[in-house]
Amino acid sequence: MTLYGGRILDAMIRVAPSILSADFSKLGEEIKAIEDGGADLVHIDVMDGNFVPNITIGPVVVESIRPLTKMPFDVHLMVRKPQDYVEDFINAGADILTVHVESDHNPHETIKHIHDLGKQAGVVLNPGTPLSVAEGFINEIEMVLIMTVNPGFGGQGFMPEVVPKIAKAKEFIEKEGLSVDLEVDGGITSENANEVACAGGNILVAGSFVFRGDPKERIASLKDACSE
C-alpha cells in the first residue's frame, strides 16, 4: 500500500509542519506558505480533551482545508477512543492516521479499520512508552511515530533521552526488513534535527519552529541540518 511515495529513504528527510502552531485566523495562507516552503506533509494534531487536556481540530476543519493543498494529511489522533474517529477523519481527507498505543482501543482492529478504508496507518509511542509495546504492530503499519515531548501541548522542549528509542526502532525495522517510516514529533529544531535523523528518523514534525519564523527558511534549515 503506497499512498504518498511509500518508504522514505534515509537520505530523504521529509518535514511535516504541525498546523497546531499555525495562525488559525489565516490557516489557508499558512498552509500555502509551508507548501511553497518545501514541506512534504501537513501534520494535524487532533486532541479530544480526554486523552490529553486540550481540544484542537475536528473533521470539519480537516475537510475545510483539504482542497487547499495536495500535500498528504498526516493526522495524529491524540484521543481516548481513536476507533470512533477513524472514518470521520478519513472522509474529511486524512491520508494517514496515527493512533496511540496508550489509547483505549485494540490497535490491531483500529489499524485494520484504517486499511479497510484505503488509507495508511501508524502507531504512536509517548516518551515513557517502551518500543516493545508496539513491536507486535509494526509489521501491520506504514509508520511509527515517536514522541519526543509529552503529548497535549505545542511548543515544548525536545527530550533528548528519547533518542535511543528512535535508534532502537530503526534497528528493529531494518532487522525485520519492513517498509515503515519513522516519524519524530516534539521540539524539533535545526539544532536537534541531525541527531534525530542520525538515529533513524526520516519524517520530522515541527510546529513552533516552522511557524514562528519564515517557513521556507525554517524548513530548509531542518533539511540542511540533516545533510550535515
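The exercises below work through buried acids, cysteines, nonpolar cores and salt bridges in a predicted model.

Residues are numbered from 1 along each chain as its sequence is written. Because the model is predicted, local features need pLDDT of at least 70 and side-chain atom pairs count only at pLDDT 80 or more, while totals for chains, interfaces and linings use all residues; side-chain values use heavy atoms, with hydrogens and water left out.

**Exercise 1. Two buried acids**

Task: Locate Asp45 and state which side chains make polar contacts with the Asp45 side chain.

Solution.
Step 1. Asp45 belongs to strand 2, residues 42-47. Helices (H or I, at least four residues) and strands (E, at least two) are DSSP runs, numbered from the N terminus.
Step 2. Asp45 is buried and has no salt bridge. Buried means under 20% relative accessible area, exposed over 50%, and partly exposed in between, with a 1.4 Å probe and protein chains only. A salt bridge requires a side-chain nitrogen of Lys or Arg within 4 Å of a carboxyl oxygen of Asp or Glu.
Step 3. The nearest side chain of opposite charge is Arg212, 12 Å away. In this count Lys and Arg are positive and Asp and Glu negative; His and the chain ends are not counted.
Step 4. The Asp45 side chain has a polar contact with the Ser18 side chain at 2.5 Å and another with the His43 side chain at 3.1 Å. A polar contact is a pair of N or O atoms within 3.5 Å; within protein, one must be able to donate a hydrogen and the other to accept it, and residues adjacent in sequence count only if both atoms are side-chain atoms.

Task: Which side chain joins Asp185 in a polar contact, and which residues does Asp185 touch?

Solution.
Step 1. Asp185 is in strand 7, residues 181-185.
Step 2. Asp185 is also buried without a salt bridge, and Lys165, the nearest side chain of opposite charge, is 13 Å away.
Step 3. The side chains of Asp185 and His43 form a polar contact of 3.4 Å.
Step 4. Residues up to four places away in sequence aside, Asp185 touches several residues, among them His43, Asp45 and His76. Contact means heavy atoms within 4.5 Å.
Step 5. From the other side, the contacts of Asp45 include His76 and Asp185.

**Exercise 2. Cysteines**

Task: How many disulfides does the structure hold, and how far apart are the sulfurs of Cys198 and Cys226?

Solution.
Step 1. A disulfide is a pair of cysteine sulfur atoms within 2.5 Å. The structure holds zero disulfides.
Step 2. For Cys198, the nearest cysteine sulfur is that of Cys226, 7.8 Å away.
Step 3. Cys198 is exposed at 63% relative accessibility, whereas Cys226 is buried at 16%.

**Exercise 3. Nonpolar cores**

Task: Describe the largest nonpolar core and the second core.

Solution.
Step 1. A nonpolar core is a set of buried Ala, Val, Leu, Ile, Met, Phe, Trp, Tyr and Cys residues joined through side-chain atoms within 4.5 Å.
Step 2. The largest core has 65 residues, and Ile19, Ile44, Val75 and Leu97 have the most contacts inside it.
Step 3. Helix 5, residues 163-176, gives the most to this core, with five residues.
Step 4. A second, separate core has six residues, including Ala16, Ile96, Ile203 and Val205.
Step 5. Val75 has Ile44, Phe89 and Leu97 among the residues that it touches, not counting those up to four places away in sequence.

**Exercise 4. Salt bridges**

Task: Of the salt bridges found, place Lys32–Asp36, Asp40–Lys223 and Lys170–Glu174 in the structure.

Solution.
Step 1. The whole structure contains six salt bridges.
Step 2. In the Lys32–Asp36 bridge, the closest N and O atoms are 2.6 Å apart. Both residues lie in helix 1 (residues 27-36), four residues apart, about one turn of the helix. Asp36 is partly exposed at 49%.
Step 3. Asp40 and Lys223 meet at 3.0 Å, N to O. Asp40 lies in the loop between helix 1 and strand 2 and Lys223 in helix 8 (residues 215-226), so the pair ties together parts 183 residues apart in sequence. Asp40 is partly exposed at 21%, as is Lys223 at 27%.
Step 4. Lys170 and Glu174 form a salt bridge with closest N and O atoms 3.8 Å apart. Both are in helix 5, four residues apart, about one turn of the helix. Lys170 is buried, at 9% relative accessibility.
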